[in-house]
Amino acid sequence: MDVKQRIAHLRGELERHNQAYYVQDSPTIPDAEYDKLFRELQALEAQHPELLTADSPTQRVGGKVLDGFVPVRHAVPMLSIRTETDTEASGAFNFDARVKNALDTSNEIEYACELKFDGLAINLRYEHGVLVQAATRGDGETGEDVTQNIRTIHCIPLHLRGCAVEVLEVRGEVYMSRKDFNRYNDRQREKGLATLVNPRNGAAGSIRQLDPKLAAQRPLSFFAYGLGEVQGWQLPGTHSAILDAMQSFGFPVCDERAVVKGAQALAAFHQGIAAKRDALPFDIDGVVYKVNSLALQKQLGFVSREPRWAVAHKYPAEEQLTVLRDIEVQVGRTGKLTPVAKLEPVFVGGTTVSNATLHNEDEIRRKDVHIGDTVIVRRAGDVIPEVVGVVLERRPADARAFVMPTSCPVCGSHVVREEDEADARCSGGLFCAAQRKQAILHFASRRMMDIEGLGDKLVDQLVDENIIRSLPDLYRLDVVTLANLDRMAEKSAQNIVDALQKSRDTTLNRFLFALGIRHVGETTAKDLARHFGKLDSIMQAGVEQLLNVPDVGPVVAQSIVEFFAEAHNREVVQQLRELGVHWAEHDGVANQVLPLSGKTFVLTGTLPTMSRDEAKAKLEALGAKVAGSVSKKTSCVVAGAEAGSKLDKARELNVPVWDEAALQVLLANNGEGFAA
């Protein structure tokens with residue numbers, strides 16, 4: 001195979017893989033293998049520049065920076081279609097009535113139904129099957145040459161499959177999927193760079209980017225939906241057949257389309273797409289109805305430069321302009337402070353919106369939002385409305401910048417924000433009313449205080465009826481109070497009281513974990529309890545002392561110090577102790593080597609007399625690490641009934657295997673004498 005043949009082969013292979021990956025969403029080879037083929041083609045074209053062609057896959061990466069866009073006169077005008085402003089089902093009936101009236105018929109008309117994409121309209125010109133030019137709609141008569149940028153969109157074919165007609169202009173929409181939009185914005189935020197306002201602006205801004213290399217960094221997609229100039233191809237008889245043909249040439253054509261008859265079917269399509277609109281991977285703002293027969297389209301013709309044979313039946317707008325009257329701060333269940341825009345009420349996305357999220361202080365700064373601004377509000381289905389941008393030219397002279405409060409608007413506790421985090425948080429977790437339910441549910445969880453029966457619905461009732469205002473109130477509950485609640489009988493109430501009584505006898509590490517100190521998980525709580533031995537020692541410890549605890553870093557240490565610095569939190573702890581919550585304490589093991597320090601155990605199967613959690617706690621109290629998988633570093637595997645793959649792995653690696661009886665002997669000897 002000579003060089004020319006090899007280049008042709010590589011181009012064919014890469015285009016085939018592009019089609020599978022970007023159009024069919026079904027990759028045929030790993031990325032590394034694709035990159036290998038791509039690099040080989042690049043090298044060959046560099047060695048033989050006379051063989052480089054415009055339709056090579058290597059030409060998708062972007063060319064030189066443009067001074068400006070060259071105007072392109074459309075051979076066939078890119079006309080807009082009429083918009084049906086009635087967003088209800090009657091809009092479909094209105095269109096059908098106009099078509100029948102214009103055709104002077106009572107027969108049912110066949111229509112092609114499609115989605116109205118929210119992106120940028122593009123005309124792609126192919127000559128003898130090769131992409132030679134791409135242009136924006138512009139004013140319909142004249143657009144802008146954006147060929148270099150369009151080449152960077154991998155799902156747009158540079159060379160048509162099975163079609164080499166003299167001229168074929170394909171029209172469609174460049175768009176950005178919701179997933180790609182969110183992923184791109186996340187990357188921009190990580191770099192501290194500007195984010196895109198919405199997918200539509202992201203698509204339009206990318207195509208009108210003068211540097212194709214920058215355009216290539218934006219994740220864009222394309223759907224074909226119509227034709228412009230055609231020379232040398234006998235058109236099919238219907239619009240739906242044209243879409244099928246374009247798909248066979250290698251163009252992405254949206255699957256959400258249908259051929260139907262009559263107004264009722266049009267309305268059903270509109271309603272069906274509305275029901276799934278929020279689940280679509282891309283934004284739409286309506287559906288499009290087109291008379292399917294090309295002969296009837298020709299008969300219907302145009303009026304005021306709009307085709308009589310097509311209409312866009314829209315949905316309620318998902319973006320609108322309104323005035324931001326104020327910014328209030330809400331405190332969530334986990335203590336996160338969220339700035340909320342108080343808006344001049346506006347109808348957007350099918351409902352009247354008066355509040356919208358601003359996410360966090362950094363987002364407000366990045367978007368340069370001021371109180372008094374005219375803002376762009378976006379709402380997509382059930383998604384919480386958000387402020388996505390500002391109309392700066394409408395900013396009033398008295399507009400005010402937002403300042404995040406330094407104390408919680410609910411409980412007055414200090415507001416903290418860690419260096420690497422975007423969110424500000426209330427530090428009064430055990431006291432703050434906004435966090436009350438979350439704090440109680442966390443406290444009662446199985447791996448914390450293990451208060452059986454205290455679930456979401458019961459906690460909702462207790463808090464909503466103001467029976468529990470803070471954690472200590474749990475231990476003031478009695479059977480009578482509980483039995484008077486909805487769906488609670490005396491026996492259930494007694495079970496809750498019994499569970500509360502049982503939970504009073506706990507361990508220091510469980511209690512620490514239950515307090516919900518930020519960054520203090522189960523393992524850190526155990527390390528703290530083992531190191532200090534006493535709660536008062538932990539509460540009085542400074543950052544430097546806390547840093548002596550294994551795996552406790554500056555962020556965790558600071559979080560612990562700030563938690564116990566809050567008088568509210570210390571008061572809650574004191575009340576819990578006065579109400580009988582207790583645990584065994586010791587002098588701490590800061591400088592003590594425990595008998596099983598450095599040993600790793602794995603528990604598997606069902607032990608006869610103790611639970612795995614109980615066995616794990618007893619082993620960890622003697623300094624052992626209890627792991628979830630077996631490796632060469634495992635000291636011992638304790639196996640019970642129905643032990644599975646972990647037991648097999650232990651035997652394969654010659655790791656000692658014990659039963660519960662052997663473990664009980666070790667525990668009875670406080671870990672002394674372990675020789676495995």
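Visitor: Left-handed or right-handed: which is the crossing of H12 and H13?
Guide: Bear in mind that we're looking at a predicted model. The two helices do get together in it, with Arg 436, Lys 437, Ile 440 and Leu 441 of H12 meeting Asp 456, Val 459, Asp 460, Val 463 and Asp 464 of H13. As for the hand of the crossing of H12 and H13, it's right-handed.

Visitor: And how are H12 and H13 set to each other?
Guide: Their axes come within 10 Å and cross at roughly 135°. Angles over 145 degrees would count as roughly antiparallel, and 65 to 115 as roughly perpendicular. The crossing of H12 and H13 fits neither, so the two helices are oblique.

Visitor: What about H22 and H24, is their crossing left-handed or right-handed?
Guide: These two helices pack at an angle of about 35°, and their axes are 11 Å apart. Ala 615, Lys 618 and Leu 619 in H22 meet Leu 663, Leu 666 and Leu 667 in H24. The crossing of H22 and H24 is left-handed.

Visitor: How many residues are in the largest nonpolar core?
Guide: Look for Phe 443, Ile 451, Leu 474, Phe 511 and Phe 564, which have the most contacts inside this core. Counting its members gives 54 residues.

Visitor: How many residues are in the other core, the one with Leu 120?
Guide: This core lies apart from the largest one. Besides Leu 120, Ala 134, Val 165 and Tyr 184 are among its members. Its count is 36 residues.

Visitor: Which residues does Phe 564 contact, leaving aside its neighbours within four places in sequence?
Guide: Phe 564 is one of the residues with the most contacts inside the largest core. Setting those sequence neighbours aside, its partners are Leu 512, Leu 515, Ile 517, Leu 535, Ile 538, Met 539, Arg 570 and Val 573.

Visitor: Which helices do the buried residues of H17 pack against?
Guide: H17 covers residues 522-532 and is mostly covered itself, with 8 of its 11 residues buried. Among those buried are Ala 525, Leu 528, Ala 529 and Phe 532. Just after the helix, Gly 533 takes a positive phi of about 80°. The helices that the buried residues pack against are H16, H18, H19, H20 and H22.

Visitor: Which strands and helix are included in what covers the buried residues of H8?
Guide: In H8, residues 239-248, the buried ones are His 239, Ser 240, Ile 242, Leu 243, Ala 245 and Met 246. The helix is followed by Gly 250, whose phi is positive, near 110°. The cover over the buried residues of H8 includes S3, S7, S8, S9, S10 and H10.

Visitor: How many residues apart are Glu 169 and Arg 125?
Guide: Their side chains meet in a salt bridge, at 2.7 Å from N to O. Glu 169 sits in strand S7 and Arg 125 in strand S4, and the pair links distant parts of the chain. Both fall under the 20% cut-off for buried, because Glu 169 has a relative accessible area of 4% and Arg 125 one of 15%. In sequence, the two are 44 residues apart.

Visitor: And how many residues apart are Arg 417 and Asp 362?
Guide: This is another salt bridge, at 2.5 Å from N to O. Arg 417 is partly exposed at 36% relative accessible area, and Asp 362 is partly exposed at 28%. Arg 417 is in the loop between S21 and S22, while Asp 362 is in helix H11, 55 residues apart.

Visitor: Which residues join Asp 613 and Arg 446 in one network?
Guide: Asp 613 forms a salt bridge with Arg 446, their closest N and O atoms being 2.9 Å apart. Asp 613 lies in H22 and Arg 446 in the loop between H12 and H13, so the pair ties together parts 167 residues apart in sequence. Through salt bridges that share partners, the others in this network are Arg 447, Glu 522, Lys 526 and Glu 620.

Visitor: Is Lys 261 buried or exposed?
Guide: Lys 261 is found in strand S9. Not counting residues up to four places away in sequence, Lys 261 touches Ile 109 and Glu 110. Its relative accessible area is 55%, and over 50% counts as exposed, so Lys 261 is exposed.

Notes:
Residues are numbered from 1 along each chain as its sequence is written. This is a predicted model: local features need pLDDT of at least 70, side-chain atom pairs count only at pLDDT 80 or more; totals for chains, interfaces and linings use all residues. Side-chain values use heavy atoms; hydrogens and water are left out. A nonpolar core is a set of buried Ala, Val, Leu, Ile, Met, Phe, Trp, Tyr and Cys residues joined through side-chain atoms within 4.5 Å. Buried means under 20% relative accessible area, exposed over 50%, partly exposed in between (1.4 Å probe, protein chains only). Contact means heavy atoms within 4.5 Å. Helices (H or I, at least four residues) and strands (E, at least two) are DSSP runs, numbered from the N terminus. A salt bridge is a side-chain nitrogen of Lys or Arg within 4 Å of a carboxyl oxygen of Asp or Glu. Axes are lines fitted to C-alpha atoms, for helices over the stretch in contact, and angles run from 0 to 180 degrees between N-to-C directions. Angles under 35 degrees count as roughly parallel, over 145 as roughly antiparallel, 65 to 115 as roughly perpendicular and the rest as oblique. A crossing is left-handed if the near helix is turned anticlockwise from the far one by less than a right angle, and right-handed if clockwise.
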